[in-house]
Number of protein chains: 2
Amino acid sequence: MTNETHDATNKLHAPVPLAECALARAIRTIGDEWTLLILREALCGVERFDAMRDDLGIPRSVLSQRLKQLTSEGLLQRKPYSLPGQRPRDGYVLTERGRALIPALAALREWAEIHLPGGPSRLRLQDSDGQKVTTRLIKEDGSPVDDVSAIVAVAHPPNTDPA
Amino acid sequence: MTNETHDATNKLHAPVPLAECALARAIRTIGDEWTLLILREALCGVERFDAMRDDLGIPRSVLSQRLKQLTSEGLLQRKPYSLPGQRPRDGYVLTERGRALIPALAALREWAEIHLPGGPSRLRLQDSDGQKVTTRLIKEDGSPVDDVSAIVAVAHPPNTDPA
DNA sequence: ACCCTGAGTCTACTTATTAGACTCAGGTTA
DNA sequence: TAACCTGAGTCTAATAAGTAGACTCAGGGT
């Protein structure tokens with residue numbers, strides 16, 4: 001049945017349906033412009049509602065809705081703070097789950113710096129010792145991936161009926 | 001003027017405005033649910049309009065609009081193909097700029113697999129030799145970042161007037 | 001000449017986003 | 001104690017985007 005008459009053009013479908021794909025789940029969770037920009041604010045240490053609003057120009061209602069969503073998904077958590085001479089309020093900070101997104105955000109930043117127009121980026125991610133952090137793509141054996149052009153996505157437990 | 005009376009709670013604003021931030025540019029370019037899901041399809045080797053539509057359940061008009069956008073931004077390019085006994089048509093494949101997003105997508109996938117509910121991911125990224133590829137966060141000196149909790153975002157040419 | 005298929009466009013409907021006024025809580029000041 | 005101030009929201013009406021599904025269009029096959 002392996003008829004090779006046509007010239008093996010392109011796949012009809014993705015190897016894995018959306019429901020079984022972690023990447024798709026990630027996209028459904030954080031694949032929204034405002035959501036990502038809010039996570040950037042949190043990564044920058046901005047905790048307060050109005051500060052985020054000022055930085056992003058986001059409507060209050062949308063910011064409120066997204067913060068609720070991110071909190072309920074465990075990416076942000078409320079953190080009480082006090083300014084001198086004011087009543088205590090709640091800000092938002094990244095949870096561990098939220099901070100675990102840093103590699104993805106770092107990779108995005110690196111991509112944009114190299115592959116999008118707009119000049120150099122002024123935002124820098126650094127560790128506690130002041131060293132800049134970057135991402136690297138590696139193989140199972142630890143060797144770096146130099147050329148991304150050969151990478152393919154496949155189903156992991158291979159499909160038994162590729163019909 | 002460096003008055004330390006309050007307990008150094010939180011930053012009022014991000015260290016870098018959106019216009020000078022590559023991460024923000026990346027988010028504005030690909031920070032959209034359908035856009036990201038389309039890039040996943042392209043990464044999976046799905047080239048054809050109706051195949052993407054079937055996989056994603058995306059409305060035709062939205063798919064058409066996003067493909068135009070991604071093409072004009074240079075992340076996808078049209079690629080003619082022929083099925084036997086049918087007229088030639090155009091599909092879409094990732095450009096070099098589009099493939100350069102693979103590290104970011106890989107990092108996202110890894111995040112979701114570890115930090116989101118939903119069971120193991122069946123989508124696997126591998127190199128031409130069949131080895132799985134993953135991302136790693138490293139410092140300038142090449143040492144791996146083990147703990148993400150100390151990473152901060154700062155302005156790179158430091159702000160001269162942090163007033 | 002007619003049919004078939006895949007890539008779109010078009011239309012009417014529903015939902016999300018937006019700007020801006022308004023509310024609410026609680027500490028400060030008089 | 002009462003009026004006041006500030007920051008975090010909610011509410012409302014107008015606009016924009018997303019959606020489902022019918023329709024169009026191109027070109028090879030029959």
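Which backbone atom of D50(B) lies 2.8 Å from a phosphate oxygen of DNA strand C, and of what kind is it? It is a backbone N or O atom. Keep in mind throughout that this is a predicted model.

Let me stay with DNA strand C for a moment. There are 23 residues around this strand, and the ones that come nearest are W34(A), R66(A), R87(A), R60(B) and S64(B). Of the atoms of DNA strand C that come within 4 Å of the protein, 71% are sugar and phosphate. Two further contacts go to phosphate oxygens. In chain A, a polar side-chain atom of W34(A) lies 2.8 Å from a phosphate oxygen of DNA strand C. In chain B, a polar backbone atom of F49(B) is 3.3 Å from a phosphate oxygen of that strand. As for the elements that give two or more residues to this surface, chain A has helix 4, while chain B has helix 3 (49-56), helix 4, strand 1 (76-81) and strand 2 (89-94). Sorted by class, the surface near DNA strand C has 7 nonpolar, 6 polar and 10 charged residues.

Now to DNA strand D. Which residues come nearest to it? They are S64(A), K68(A), W34(B), R66(B) and R87(B), out of 22 residues around the strand. Within 4 Å of the protein, 72% of the atoms of DNA strand D belong to sugar or phosphate, and the rest belong to bases.

Here are three contacts with this strand. A polar side-chain atom of W34(B) lies 2.8 Å from a phosphate oxygen of DNA strand D. For F49(A), a backbone N or O atom is 3.3 Å from a phosphate oxygen of DNA strand D. Q86(A) uses an N or O atom of its side chain, and that atom is 3.5 Å from a sugar or linking oxygen of DNA strand D. The elements giving two or more residues to this surface are helix 3 (49-56), helix 4 (60-72), strand 1 (76-81) and strand 2 (89-94) of chain A, along with helix 4 (60-72) of chain B. The surface near DNA strand D counts 6 nonpolar, 6 polar and 10 charged residues.

Next, the annotation. An unreviewed UniProt entry records "domain: HTH hxlR-type" over residues 21-120 of chain A. In the model, that stretch of chain A is 59% helix and 12% strand, with its end C-alpha atoms 34 Å apart.

On to the empty space inside. Rolling a probe the size of a water molecule over the atoms shows where such space is left. The structure has 3 cavities of 30 Å³ or more. The largest cavity has a volume of about 120 Å³. Its lining has 13 residues, and I30(A), L36(A), L108(A), L36(B) and L108(B) lie nearest the centre of the cavity. At least two lining residues each come from helix 1 (22-30) and helix 6 (102-115) of chain A, and from helix 6 (102-115) of chain B. What classes do the lining residues fall into? The lining of the largest cavity has 12 nonpolar residues, 1 polar and no charged ones.

Last, the salt bridges. Side chains of opposite charge can pair when their charged atoms come close. Over all chains, the structure holds 23 salt bridges. One of them joins K79(A) and E47(A), whose closest N and O atoms are 3.2 Å apart. K79(A) sits in strand 1 of chain A and E47(A) in the loop between helix 2 (33-43) and helix 3 of chain A, so this pair ties together parts that are 32 residues apart in sequence.

Definitions and conventions: Residues numbered from 1 in each chain as written. Chains lettered and ligands numbered in written order. Predicted model: local features only at pLDDT ≥ 70, side-chain atom pairs only at ≥ 80, totals over all residues. Heavy atoms only, no water. Near = heavy atom within 4 Å. Polar contact = N/O pair within 3.5 Å; in protein donor to acceptor, adjacent residues only side chain to side chain. Helix = DSSP H or I, 4+ residues; strand = E, 2+ residues; numbered from the N terminus. Nonpolar A, V, L, I, M, F, W, Y, C, P; charged D, E, K, R; others polar. UniProt positions renumbered as here; feature names shortened; annotations may be inferred. 1 Å grid on protein atoms, 1.4 Å probe; cavity = no way out; pocket = protein on both sides within 12 Å on 5 of 7 lines; lining within 4 Å. Points joined across faces, edges and corners; volume = space filled by probe spheres on them. Salt bridge = Lys/Arg side-chain N within 4 Å of Asp/Glu carboxyl O.
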